[in-house]
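Visitor: Could you walk me through this protein? I'm new to reading structures.

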Amino acid sequence: MTTIEFRRIRDFNQTLNAATEYLRQNFSVLAKTTLLLVMPILALGLVSSNISMYFIGQALGETLDLAANTEMTTMLMTWGMMMLFSVLAIGVVINIAVLYEHMRLYSLAPDPDQITVRQLLGQMRRKAGLYIKTTIGLYFTFTFFYIIFVVILFALIGVLALAGSGLFIGLAVLISFGVIVYLLCAISMLYIIRTVEGLRFFAAIRRSFELVRQYFWATLGLYTVTYLIIYSVTAVPAWLALGFLGGIGLLAPSTDAWLLATSITVGEMLYAMVYLVINSLGMLVVAFRYFSLVETREGIGLLRKIELHYGAA
């Protein structure tokens, strides 16, 4: 196995290729560790969500009857989507921890292909606090700025509406969307920065913006292409599952509600597992982009090579 060098300047294609190759080389240990940790959470969250939706619907006499009660149907679907989103969010954080702690072990191990699930779990246990604190910090930071953003946006729209200018309202919304995209692009590197550099939360946020500032468009383009690939792959099982459930509804309209609910739960779990494994590519692209930007700005890897070369000489 060819060892992949992290601290290296890579262009668009090289970054995507490095992330893809890293995932291919270490797919077994990464997938096993992610699913081992996420499966219980997926099962608990999705089963409890769908069971509660089933019994609520039964109690109201509207189980899976989409035409009978639109309001109740909307509430149940919203509850299910929120639970699925929450479970996926937790799964993504665990997936990030698996990937980045594996990269740490990979950079230190004399034989990276011998890294085991047990070693990776031990490394994650030692660093669990960092990921928990980072996630909590992100939640409160996003909540705070979201409130400010909404207040400013609606105030701006209100003022512009009084002026009678729909064009300026659209411009305000467009600018707001651009600001959100920029923030998400910069914040994407927060976990890898804290993992590699060990900075405190707000220092890591400042570091994220410093790295992205001069390379925003290239970084955004890389992320866009990467996630188009990810969503094109993960959309396939989603459409197949929807088609399967739709077929059951048409061909067997008298199917018991509990059987349909069970099928939905199993389908959601399978989709979530596929999504998390495929989403690893996106997290790896973020990591390799971070190393590339650091190397472009500071040449840490190059300086280390020079030091080792002249030290040996």
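## A guided look

Guide: In H6, the buried residues (buried means under 20% relative accessible area, exposed over 50%, partly exposed in between, with a 1.4 Å probe and protein chains only) are Leu 190, Tyr 191, Ile 192, Ile 193, Arg 194 and Thr 195. Before we go on: this is a predicted model, where local features need pLDDT of at least 70, side-chain atom pairs count only at pLDDT 80 or more, and totals for chains, interfaces and linings use all residues. Residues are numbered from 1 along each chain as its sequence is written, and side-chain values use heavy atoms, leaving out hydrogens and water.

Visitor: Why is helix H6 largely enclosed by the rest of the structure?

Guide: Helices here are DSSP runs (H or I, at least four residues), numbered from the N terminus. H6 covers residues 190-197, and it is largely enclosed because of its buried residues, which number 6 of the 8.

Visitor: Which helix gives the most to the largest nonpolar core?

Guide: A nonpolar core is a set of buried Ala, Val, Leu, Ile, Met, Phe, Trp, Tyr and Cys residues joined through side-chain atoms within 4.5 Å. The largest one has 66 residues, and Tyr 22 and Phe 288 are among those with the most contacts inside it. The top contributor to this core, with 16 residues, is helix H9 (residues 257-298).

Visitor: Which salt bridge partner does Glu 21 have?

Guide: A salt bridge is a side-chain nitrogen of Lys or Arg within 4 Å of a carboxyl oxygen of Asp or Glu. Glu 21 sits in helix H1 (residues 12-25), and its partner lies 3 residues apart from it, about one turn of the helix. Glu 21 is partly exposed at 27% relative accessibility, while the partner is exposed at 56%. With the closest N and O atoms 2.6 Å apart, that partner is Arg 24.

Visitor: Lys 127 and Glu 101 also form a salt bridge; are both buried or exposed?

Guide: Their closest N and O atoms are 3.8 Å apart. The pair links distant parts of the chain, with Lys 127 in helix H4 (residues 117-162) and Glu 101 in helix H3 (residues 70-108), 26 residues apart. Together with Arg 104, they are linked in a network of salt bridges. Both Lys 127 and Glu 101 are buried.

Visitor: How many salt bridges does the structure hold?

Guide: One of them joins the side chains of Glu 298 and Arg 207, at 2.6 Å from N to O. Counting up the whole structure, the number of salt bridges is 5.

Methods. Helix = DSSP H or I, 4+ residues; strand = E, 2+ residues; numbered from the N terminus.
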